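Thanks, everyone, for making the time. I would like to talk through the aromatic side chains in one model, and then step back to the chain as a whole.

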Amino acid sequence: MKQLFLVFIGGGTGSIARYLISKYLNNASTSIPYGTFTANVLGSLFIGIILGFALKNNALSQNTVTFLATGFCGGFTTFSTFAYENHIFLKSGDYLSFLIYTIGSFIIGILFVFLGMYIAK
């Protein structure tokens, strides 16, 4: 039961953080949803740091990892919004933004997980 509560609180906190970033960075005048992109990239960096630190130092308790990685990062990042925004690009025929956003999100997201793991060393 404690694990569920940690995921609940962490996820809510992460969701609020994502909402605030999206509110300030997503702009109708630009084609790329920078808020979602930023949340997903930062979430990749955060989870890399959290799990890298936990694996290297064994200094984080399972409860802390559950709260931060599963809860906060799970609520902070969002694949469903990413998928919807790509749907909008395709539906409107904006294939260039679709390619930039999709490929950029995957490549930079994966690189930021590695960067987070490296930072945790």
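Before I count anything, let me give the rule: rings of Phe, Tyr and Trp, the last taken by its six-membered ring, pair if their centres lie within 6.5 Å, and planes under 30 degrees apart count as stacked, those over 60 as edge-to-face, and the rest as tilted. Applied here, to what I should stress is a predicted model, that rule yields 8 aromatic pairs.

Let me start with Phe-72 and Phe-76, whose ring centres are 5.3 Å apart and whose planes meet at 15°, so this pair falls in the stacked class. The two residues sit 4 apart, about one turn of the helix, and both belong to helix α3, which covers residues 62-76. As for their surroundings, Phe-72 and Phe-76 are both buried.

The pair formed by Phe-89 and Tyr-101 is edge-to-face, with 5.9 Å from centre to centre and 80° between the planes. Here Phe-89 comes from helix α4, residues 79-92, while Tyr-101 comes from helix α5, residues 95-120, so the pair ties together parts that are 12 residues apart in sequence. Are these two residues buried or exposed? Phe-89 has a relative accessibility of 6% and therefore counts as buried, and Tyr-101, at 1%, counts as buried too.

Both residues also belong to one aromatic cluster, which is made up of Phe-37, Phe-79, Phe-82, Phe-89, Tyr-101 and Phe-106.

Now to the chain as a whole. The protein chain has 5 helices and 0 strands, and along the sequence this reads as α-α-α-α-α. Taken along the principal axes, the C-alpha atoms fill a box of roughly 50 × 30 × 20 Å. Of the 121 residues, 34% count as buried, and the accessible surface comes to about 7,400 Å², with 73% of that belonging to carbon and sulfur atoms. If we take the contacts between residues at least 6 apart in sequence, 72% of them join residues at least 24 apart.

Finally, a word on confidence, since where pLDDT is low, the predicted coordinates should not be read in detail. The mean pLDDT of the protein chain is 91, and 100% of its residues reach 70 or more. Confidence is highest in helix α1, residues 2-25, with a mean of 95, and lowest in α4, with a mean of 88; α4 is also the helix that holds Phe-89.

How values were computed. Residues numbered from 1 in each chain as written. Heavy atoms only, no water. Buried < 20%, exposed > 50% of the residue type's maximum accessible area, 1.4 Å probe, protein only. Contact = heavy atoms within 4.5 Å. Areas by Shrake-Rupley, 256 points an atom, 1.4 Å probe, with all protein chains shown as cover. pLDDT = per-residue confidence, 0-100.
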